[in-house]
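This report walks through one protein model, from the overall fold to single residues. Keep the structure open while reading.

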Amino acid sequence: MKKTLVALAVLAASGASFAQVTITGQYGFGYAQSSDSANATAGGLGISDSNISFVDVEDLGGGLKVTSQLKIDGLNRGKAAGGDTFVSIAGGFGTVTLGLAEFDTDTADQFGTFLGATILGGHIGDSERIADFAQYATSFGPVGVSVRHTEADKGIGAGGAGTYNTQRENTFAVSYAAGPLSVKADYTAFDNKAGTNYDTRTTLGGNYDLGAVKFGLGIQTTKFYTTGSTTETFLGASIPLGALAIGIDYM
């Protein structure tokens, strides 16, 4: 029994393939602290990410490829939760993806170079949502374009003045990646606009990798239906040390 357990652990850690299924995983741990305008602070140590993914890629011939993923997320001593699951078909026309996934909605998670604003042992809140989605994406050299429809939230509600619970969204995104530079801009429009619900969200940011250090910068403006708008800015840096990364995110 001990030998079997060790073999499985090595397989998951190395990302080895077996029977056309690739198994990968990651684990992150860190410290986070936040404060508000009243100088109230919250912080502490905790897991930032822990998951295992099973990915199958099938070549259908004729330039067509199907990819499917099953992910187990939130692994700790107390529980294991479901993670991103999807199936996609790709070809010369681009890539069509259908699935259920967790979407980052704050700049730290979208352009973060290390921990972003992820939940650390429940000490720091996050802005994410879990929802069914359909997406089409294609690329023109270093430029990527995508359109995504996302259904109402199924899990983590967003913080702040709005709520994702009853709102669907449509997102148009453009990205550029070449050499050490990657940039992304997207615009999201929400339905079911009423009360303090969301109206639109615009995000712009990117990362620049100098090798010894990687920088992230982002800005996001969220407009609410009746309560004005908010703007969030982000600056982050990450220093790779072999398999270890040390970084700081500031919002």
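A residue counts as buried when its relative accessible area is under 20%. By that cut-off, buried residues make up 31% of the 251 residues in the protein chain. The model is a predicted one.

**Overall picture**

The chain holds two helices and 15 strands. Its accessible surface comes to about 14,200 Å². Carbon and sulfur atoms account for 62% of that area. Take the contacts between residues at least 6 apart in sequence: 43% of them join residues at least 24 apart.

**The second largest pocket**

Rolling a probe the size of a water molecule over the atoms shows where empty space is left. The second largest pocket has about 790 Å³ of space. It is lined by 38 residues, and those closest to its centre are F103, Q110, Q135, R148 and K184. By class, the lining has 17 polar, twelve nonpolar and nine charged residues.

Which elements each supply at least two residues of this lining? One helix is on the list, α2 (107-111). The strands are β6 (85-91), β7 (94-104), β8 (128-140), β9 (143-150), β10 (169-178), β11 (181-190) and β12 (198-209).

**Q110 and D186**

Q110, one of the residues closest to the pocket centre, is found in helix α2. Leaving out residues up to four places away in sequence, Q110 touches D104, T105, K184, D186, T203 and Q220. K184 is also among the residues closest to the centre of the second largest pocket. The C-alpha atoms of Q110 and G205 are separated by 8.4 Å, with their positions 95 residues apart along the chain counted as their separation.

D186 sits in strand β11. Is D186 buried or exposed? Its relative accessible area is 10%, so D186 is buried. Apart from residues up to four places away in sequence, D186 touches Q110, T171, F172, A173, R201, T202 and T203. Thus Q110 and T203 both appear among the contacts of D186, and T203 also touches Q110.

**Pairs across the sequence**

The table sets out C-alpha separations for four pairs.

| Pair | Apart in sequence | C-alpha to C-alpha |
|---|---|---|
| D186 and T203 | 17 residues | 5.4 Å |
| S175 and V143 | 32 residues | 5.6 Å |
| Q110 and G205 | 95 residues | 8.4 Å |
| Q167 and A189 | 22 residues | 9.9 Å |

S175 is placed in strand β10. S175 is partly exposed, with a relative accessible area of 31%. Setting aside neighbours within four places in sequence, S175 is in contact with P142, V143, G144, V183 and K184. K184 is a contact of Q110 too.

**The aromatic cluster**

A pair of aromatic rings is described by the distance of the centres and the angle of the planes. A search of the whole structure finds two aromatic pairs. What makes the pair of F190 and Y198 stacked? The ring centres are 5.2 Å apart and the planes meet at 25°, so the pair is stacked. Planes under 30 degrees apart count as stacked. F190 and Y198 are both buried.

Y198 also pairs with F224. Here the centres are 5.1 Å apart, the planes are at 35°, and the pair is tilted. Y198 lies in strand β12 and F224 in strand β13 (residues 214-224), so the pair ties together parts that are 26 residues apart in sequence. Y198 has a relative accessible area of 5% and is buried. F224 is at 5% as well, and counts as buried. Together, F190, Y198 and F224 form one aromatic cluster.

**Q167 and N192**

Q167 is found in the loop between β9 and β10. Its relative accessible area is 0%, so Q167 is buried. Beyond residues up to four places away in sequence, Q167 touches R129, E151, A152, F190, D191, N192, N197 and Y198. Two of these contacts, F190 and Y198, belong to the aromatic cluster.

N192 lies in the loop between β11 and β12. N192 is partly exposed, with a relative accessible area of 41%. Most residues other than glycine have a negative phi. What is the phi of N192? It is near 50°, a positive value in a residue other than glycine.

Definitions and conventions
Residues numbered from 1 in each chain as written. Predicted model: local features only at pLDDT ≥ 70, side-chain atom pairs only at ≥ 80, totals over all residues. Heavy atoms only, no water. Helix = DSSP H or I, 4+ residues; strand = E, 2+ residues; numbered from the N terminus. Buried < 20%, exposed > 50% of the residue type's maximum accessible area, 1.4 Å probe, protein only. Contact = heavy atoms within 4.5 Å. Areas by Shrake-Rupley, 256 points an atom, 1.4 Å probe, with all protein chains shown as cover. 1 Å grid on protein atoms, 1.4 Å probe; cavity = no way out; pocket = protein on both sides within 12 Å on 5 of 7 lines; lining within 4 Å. Points joined across faces, edges and corners; volume = space filled by probe spheres on them. Nonpolar A, V, L, I, M, F, W, Y, C, P; charged D, E, K, R; others polar. Phe/Tyr/Trp six-rings, centres within 6.5 Å; stacked < 30°, edge-to-face > 60°.
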